Amino acid sequence: MQLLIVRTSSMGDLIHTWPAVTDLAEHFPNVEISWLAEEGFADIARLHPAVRRVIPLAWRRWRRSLLSPATWREMRALKATLQGGRWDWVIDSQGLLKSALPARLAQGPLVGYDFGSIREPLASLLYDRRLTVPRTLNAIERNRRLFGQALGYNPEGAPRFGIGAGERPPWLTEGGYAVFLHATSRPSKEWPEQAWIALGKTLAETEGWPVVLPWGNDTEKARAERLAQAMPAAVVAPRLSLPEAAGLIGHAAAVVGVDTGLTHLANALDVPLVALYTDTDPARTGVVETAWATNLGGIGACPTPEAVLDALRRVRQA
């Protein structure tokens, strides 16, 4: 069976699709899974071992140069690739016009959410099969139920992301370390710098762990450098690819992160994790809580360093 998943962005949304891919591969061991994803997130799709092929989509780049002949050549090439696949099923788990339109180009039986289950109801008009999945469910469970209904099975048990950590970064010294995922998409979701510093100093004193600080742009790098200067033996990571970030996070003794895609990656890698929320509701966007992963905070509720430390000790003991 040839199946195409359409989930183009963003990082957290792709990660939330992994458990559905795990379910699918277990029910259909011989399925050939391809995934259409934005080129900037293609490595996220590639991290799942059941995904055989990733087809990059570059809409974010193309829309800045729609009059360029090179853009149109790339768009025609993508259309040819999609139409060249002999898809038994195409599943659009994103539910937006920007995902439904390229999914329609694939010319396979197209499945997606029905009019009442989708964020952009017009997208459902492009589907051959429209399935009802309650919008009150979290993103992971919605994906699992969509895939299950599409292919005739019932997802059971806790979600399993199905990926491994990869290699420990060679630039790290031996021993345990903590990762602080301090960068997020808007200032209202950030945790105060003094709170990071207080937590980092305590972990260095009580656990002997250095803190590693990843970053993705110049602003985040500057903040990582400020934090590192104020904490004992802290390390500013080099620029990391997504597989390298998975290796860093997956071998950590502990991870603390704000509402960002890398925090969900830590959740998928089953490391001791405390996820921090200051401007979003963890009931809707939080990590999957387990014995070794927990959410703290909420809209207008900023966790204290002491609360984070207590939560971190609990998940470390699991």
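**Two domains and their interface**

In this predicted model, 11 residues of domain 1 are in contact with 10 residues of domain 2, contact meaning heavy atoms within 4.5 Å. Domain 1 covers 2–151 and domain 2 covers 178–316; these bounds come from an automatic or database domain assignment. The centres of the two domains, taken over C-alpha atoms, are 29 Å apart.

Residues are numbered from 1 along each chain as its sequence is written. Local features need pLDDT of at least 70, side-chain atom pairs count only at pLDDT 80 or more, and totals for chains, interfaces and linings use all residues, while side-chain values use heavy atoms, with hydrogens and water left out.

The size of an interface is often given as the accessible area lost when the parts come together. Between domain 1 and domain 2, about 900 Å² is buried (accessible area, 1.4 Å probe, that two parts lose on being put together, summed over both). Carbon and sulfur atoms give 78% of this area. The rule finds 0 salt bridges across the interface (a side-chain nitrogen of Lys or Arg within 4 Å of a carboxyl oxygen of Asp or Glu). It finds 1 residue pair in polar contact there, both at pLDDT 80 or more. A polar contact is a pair of N or O atoms within 3.5 Å; within protein, one must be able to donate a hydrogen and the other to accept it, and residues adjacent in sequence count only if both atoms are side-chain atoms.

On the side of domain 1 that touches domain 2, helices H1 (11–15) and H3 (42–46) each supply at least two residues. H1 gives the largest share, 3 residues. Helices (H or I, at least four residues) and strands (E, at least two) are DSSP runs, numbered from the N terminus. The chain has 13 helices and 12 strands.

The structure holds 15 salt bridges. In one of them, the side chains of arginine 160 and glutamate 26 meet at 2.6 Å, N to O. Arginine 160 lies in the loop between helix H7 (139–151) and strand S7 (178–181), and glutamate 26 in helix H2 (residues 18–27), so the pair ties together parts that are 134 residues apart in sequence.

Two backbone features stand out against the general pattern. Most residues other than glycine have a negative phi, and most peptide bonds are trans. A cis peptide bond joins serine 9 and serine 10, with omega about -10 degrees. Serine 10 lies in the loop between strand S1 (2–6) and H1. Alanine 233 has a positive phi, near 60 degrees. Alanine 233 sits in the loop between helix H9 (218–229) and strand S9 (235–236).
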